[in-house]
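Me: I'd like a close look at a single part of this one, please. Start wherever you like, but take me through it step by step and explain the terms as we go.

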Amino acid sequence: MKQILLITDGCSNMGVSPVLAATHALEDGITVNVVGVVDYGTIGEIGSIEIADIAKAGGGISRIVGTQKLAQTMQMMTRKTVVQTIQQAVNKELKHILGGSTLEDLPPNRRSQVVEVVDELTETTPLQVALIIDASASMKPKLFAVEEAIRDLMLSLQAREGFSELAVFHYPGRHSGEDAIMNVNWTSDLGKLKSLFNRINMKGATPTGPAIMKVIDFFRYGTLDEHQAWRGNSDEGEGKRGDYVV
Amino acid sequence: MREKENAVITSSNPNYPTGTVITGKWRNSRFVIQGVLGSGANGTVYLVQKAGYRERYALKMGNDTLELQSEINVLTSLQIQQKQKDKQEGIAHRPYLLEVDDYSERQREIPFYVMRYVEGSPLHWFIRKRGQEWIGIVGLRLLEKLRDLHQLGFVFGDLKPENVMVSEYGEVELIDYGGVSSIGRSVKQFTEWYDRGYWNAGSRGSDEGYDLFAFAVLCIHLLHGEALRSAAAHHLPQTRSVADLLTLVQRSHKLKPYAGWLTKAIRGEFEGSDQAWNLWKQQINKPVFSKSKPSDKTPRWLRYAFTFSFLLLCVVVCLAVWL
């Protein structure tokens, strides 16, 4: 099971729409969850709407929280999304077998068997979570809490029976052609998640959409660089990745 | 901690007023709501009376069918095993889970289950009201409950004072089984303070030690709450550690009688909850505990009174001799 968890504090302002990018992600079987982090003030109406829209398009959940609640929120969202994804798959099977009935339609005694299966799968399904961190200037004071929350999430994932791993990215890149930078490749090792954001050069722009597109590529090819070569291949590239520039 | 947020995803149910009749869709039993007992991790618990009967029960309505059913599965499995155990031991079985059904209201189906009603107050209220010296015996009974659960292959997970009910006479019941998971799986639901992971003291996997750790933090919370609060707040997350908790345990005179036990639980040194139960029992039966504190000094006024009456006696005797 694949998930993207986007952590941001405002509106995107560059490149392809993040809502479109999230739609692409869902198409690829990647659920997109979004956390808006605010400590002082609010995230703004436009920002809040965008956050909710990205999650809706990506089949996931969105939340707006303060840094104090960040760790537990990320943990809860990840778990909840795993359950939902499995429940959807199981409901689909149920409909297939029983013709139109869902979990809620079954009598409680039969429901219990289905839930047992869902619980089992929730715990054992392999899981990959790619974290995309908005590292625009306003996020700087929150990065410490973000790093802590990532470690906390790893701790929860490590306790699962199924194989689980995390990868961490941030954006914007160092120059205009770089949509996202990888901080940590797939790992299950808590030790690798130390001082993630020490050397980040904070910038003002927030190209959320391009960063999501980049990470979708990473899910496909296991590297951020593959994309350049792939884009050269015109008959495949054009349809899937439009270079919308605002 | 995570609980209230769930309500946002799955629309939470309204609170039904007293007098509302809840009719089960599948079994047609009717329950009359008498009040709200509390809102928990994934639903609301009502005090109800089965229509036509005097007995009162607790009825839990879930916000999410899957989550509630998962909890019901745990309760059912506990009940089956408990029944067998009671049969072997020749004890009359008192079922905990009574009925599982759905309530149809305005084209919505709300899942619910009915359980035994545990009359009492949450652990922290009880201790505040009755005194900290109750921790010994109440703690022992709580450990007994945890041990039973562990023996059946489950870990409670979200152990906190709100989830422990204590009756007027110190009987203990665990409530809210929403965080219960099978040993070996990941902990389903937890609260930061009591979580082993939060204190960088170990994994978030379900083992007996996880509940024992939470029990230890719970004791610190009940006996020395302010210190725990500042320890949790003042440390940076990555430096928060077992050592902070151990320092608290060593420094507090209130925690001193339990220090040996707490240290072992925090360090994860117990082999299991059976051993932990035994040590707790030994500990609370030590003379330190049974020694009530009679004032060993004679009150000052009594001494003055004595001196005065002695002098008076002398004077009287002298007078008598002289006369």
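Reply: One term first: helices (H or I, at least four residues) and strands (E, at least two) are DSSP runs, numbered from the N terminus. This is a predicted model, where local features need pLDDT of at least 70, side-chain atom pairs count only at pLDDT 80 or more, and totals for chains, interfaces and linings use all residues; side-chain values use heavy atoms, leaving out hydrogens and water. Residues are numbered from 1 along each chain as its sequence is written, while chains are lettered from A and ligands numbered from 1 in the order in which they are written.

Let's pick the parallel strands of chain A, starting with β2(A), which covers residues 30–37. Of its 8 residues, 8 are buried (under 20% relative accessible area; over 50% is exposed and anything in between is partly exposed, using a 1.4 Å probe and protein chains only). In a regular strand, side chains alternate between the two faces of the sheet. Look for that here: I30(A), V32(A), V34(A) and G36(A) point one way from β2(A). T31(A), N33(A), V35(A) and V37(A) point the other way, and both sets are buried.

Now for the neighbours of β2(A). Two strands pair if DSSP finds at least two bridges between them. β1(A) pairs with β2(A) over 7 bridges, in the parallel sense. To find your place, look for T8(A), which stands opposite G36(A). How does the chain get from β1(A) to β2(A)? It crosses through helix α1(A), residues 18–27, in a right-handed β-α-β crossover. Right-handed means that, with the strands pointing away from you, the path from the first strand over the helix to the second runs clockwise. β2(A) also runs parallel to β3(A), residues 59–65, joined to it by 5 bridges. There, V37(A) stands opposite V65(A).

Go back to β1(A), residues 2–8, and you'll find another partner: 6 bridges join it to β4(A), again in parallel. In this pair, Q3(A) stands opposite V129(A). β4(A) spans residues 127–134 and is mostly covered, with 7 of its 8 residues buried. The next link is from β4(A) to β5(A), residues 164–171, where 8 bridges join two strands that run parallel. V129(A) turns up again here, standing opposite L166(A) in β5(A). β4(A), helix α5(A) (residues 143–158) and β5(A) make a right-handed β-α-β unit.

Keep following the chain into the loop between β5 and β6 (181–187) of chain A, where P172(A) is found. Y171(A) and P172(A) are joined by a cis peptide bond, with omega at about 0°. Further along, S195(A) sits in the loop between β6 and α6 (208–221) of chain A. Its phi is near 35°, a positive value in a residue other than glycine. Both of these stand out because most peptide bonds are trans and most residues other than glycine have a negative phi. S195(A) is partly exposed, with a relative accessible area of 39%.

Chain B has a residue to set beside that one. N28(B) lies in the loop between β1 (21–23) and β2 (30–39) of chain B. Phi of N28(B) is also positive, near 65°, and N28(B) is exposed at a relative accessible area of 53%.

Last stop: the cores. A nonpolar core is a set of buried Ala, Val, Leu, Ile, Met, Phe, Trp, Tyr and Cys residues joined through side-chain atoms within 4.5 Å. The largest one has 68 residues, and L159(B), W261(B) and W280(B) touch the most other members. Helix α5(B), residues 208–234, gives this core its largest share, 15 residues. Domain 1 (3–116) and domain 2 (121–290) of chain B both contribute residues, so the core lies between them; those bounds come from an automatic or database domain assignment. Apart from that core lies another, of 43 residues. Which residues belong to this second core? Among them are V115(A), L131(A), I133(A) and I200(A). That takes us back to chain A, with L131(A) and I133(A) falling inside the 127–134 stretch of β4(A).
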